[in-house]
Amino acid sequence: MAPPGCIDESCAVVAIAASAGGVFALLELFGSFTSGPPVPTLVVQHLSPRHRTVLDTVLQRRTRVPVTLARDGERAAAGRVYLAPPDRHLLIEPDGTLRLADTARVNRVRPAADRLFTSLAEHYGQRAWVFVLSGTGRDGAQGAQAVKDRGGTVVVQDPDTAEYPGMPEATLKAGAVDHVLPLHAIETMLRSFAHSAPAP
């Protein structure tokens, strides 16, 4: 397993994917943060399309980092966490503008991490860092490969520590991983980045 290292200062955006067991992972990940990373953080958590989500409220109660549901056309800001809303794919443009799409499901889900990761790969290349946490299925694996192919960095939660190891395992099998870490080490990595100098 590669050493955790540090998030490179050239990083322009962080994206996190999670599914089953992901809410608890996200709560643990952001719970100790007093400030967010000096770049936008985008999150795809698989949610039921039939219910209004309260995930933003739940996360906000546990962290001092601003957490909101992403809105189409808004410009992503450093130090903030943006959640993909239920039943909409979350994408990002080269200038940081967020886009929501109701196009076809990918891996039977919408939002899909593969769509978000692929947009990061296309527009941010080696400046993109993506994280795959607990979840079932294989969403995120193809997108992570695209990020890796463009020189970006891929981190997965150690499947042995994930409540549901399917998504981390699928990403590992795709061969697109730079670091395999337990959740607490991912938290340390992100928190160290959050405490670095803000991006200009």
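# Exercises on a predicted fold

α1 and α6 pack with their axes 9 Å apart, at an angle of about 40°. Keep in mind that this is a predicted model. Let's work through it piece by piece.

## Exercise 1: two helices crossing

**Task.** Work out how α1 is oriented relative to α6, and which residues make the contact.

**Solution.**

Step 1. Start with the angle, which is about 40°. Angles under 35 degrees would count as roughly parallel, and 65 to 115 as roughly perpendicular. The angle for this pair fits neither, so α1 is oblique to α6.

Step 2. Now check the hand: α1 and α6 make a right-handed crossing.

Step 3. Look at who touches whom. On the α1 side you'll find Ala25, Glu28 and Leu29, while α6 brings Leu183, Ile186, Glu187 and Leu190.

## Exercise 2: a glutamate in α6

**Task.** Find out whether Glu187 is buried or exposed, and describe its surroundings.

**Solution.**

Step 1. Locate Glu187 first: helix α6, which covers residues 183-194, contains this residue.

Step 2. Compare its accessibility with the cut-off. Buried means under 20% relative accessible area, and Glu187 has 12%, so it counts as buried.

Step 3. List the neighbours. If you skip residues within four places in sequence, Glu187 is in contact with Glu28, Leu29, Ser32 and Phe33.

Step 4. Zoom in on Ser32. Its side chain and that of Glu187 are joined by a polar contact of 2.4 Å.

## Exercise 3: the open sheet

**Task.** Give the strand order of the seven-stranded sheet, then say which strands stand at the edges and which helices pack on it.

**Solution.**

Step 1. Read across the sheet. The order is β3-β4-β2-β1-β7-β8-β9, the sheet is open, and the strands pair in parallel.

Step 2. Go to the two ends. β3 (67-69) and β9 (179-181) each have a single partner strand, so one side of each has no neighbour in the sheet. On average, neighbouring strands here are turned by 20° against each other, ignoring direction.

Step 3. Pick one pair in the middle of that order. Strands β1 (residues 13-18) and β2 (residues 41-45) run parallel and are joined by five bridges. For example, Ala17 has Val44 in β2 as its bridge partner.

Step 4. Add the helices. α1 (residues 22-31) packs on the sheet and touches β1, β2 and β4 (81-83), with its direction at about 155° to that of β2. Helix α3 (residues 113-124) packs on the sheet too, touching β1, β2 and β7 (128-132), and its direction makes about 160° with that of β1.

## Exercise 4: α3, α4 and an alanine

**Task.** Describe how α3 and α4 sit against each other, then place Ala144 in the picture.

**Solution.**

Step 1. The axes of these two helices come within 7 Å and cross at roughly 10°. Angles under 35 degrees count as roughly parallel, and α3 and α4 are therefore roughly parallel to each other.

Step 2. Who meets whom? From α3 come Asp114, Phe117, Thr118 and Ala121, and they meet Ala141, Gln142, Gly143, Ala144, Ala146 and Val147 in α4.

Step 3. Focus on Ala144, which sits in helix α4 (residues 141-149). With 0% relative accessibility, Ala144 counts as buried.

Step 4. Leave out residues up to four places away in sequence, and Ala144 touches Phe117, Val154, Thr171 and Ala176.

## Exercise 5: a hairpin and some backbone oddities

**Task.** Describe how β5 and β6 pair, then look at the backbone of Gly96, Asp87, Asn107 and Pro111.

**Solution.**

Step 1. Strands of a sheet can pair either parallel or antiparallel. β5 and β6 go for the antiparallel sense, over four bridges. In one of them, Leu91 has Arg99 in β6 as its partner.

Step 2. This hairpin has five residues between its strands, and Gly96 has a positive phi near 90° in it.

Step 3. Now for positive phi outside glycine. Asp87 has phi near 65° and lies in the loop between β4 and β5 (89-92). With a relative accessible area of 22%, Asp87 is partly exposed.

Step 4. Asn107 has a positive phi as well, near 55°. Its loop runs between β6 and α3, and at 32% relative accessibility Asn107 is partly exposed.

Step 5. Finish with Pro111, in the loop between β6 (98-101) and α3. The peptide bond from Arg110 to Pro111 is cis, and its omega is near 10°.

Definitions and conventions
Residues numbered from 1 in each chain as written. Predicted model: local features only at pLDDT ≥ 70, side-chain atom pairs only at ≥ 80, totals over all residues. Heavy atoms only, no water. Buried < 20%, exposed > 50% of the residue type's maximum accessible area, 1.4 Å probe, protein only. Polar contact = N/O pair within 3.5 Å; in protein donor to acceptor, adjacent residues only side chain to side chain. Contact = heavy atoms within 4.5 Å. Pairing = 2+ DSSP bridges. Axes fitted to C-alpha atoms, helices over the stretch in contact; angles between N-to-C directions. Parallel < 35°, antiparallel > 145°, perpendicular 65-115°, else oblique. Left-handed = near helix turned anticlockwise from the far one by under 90°.
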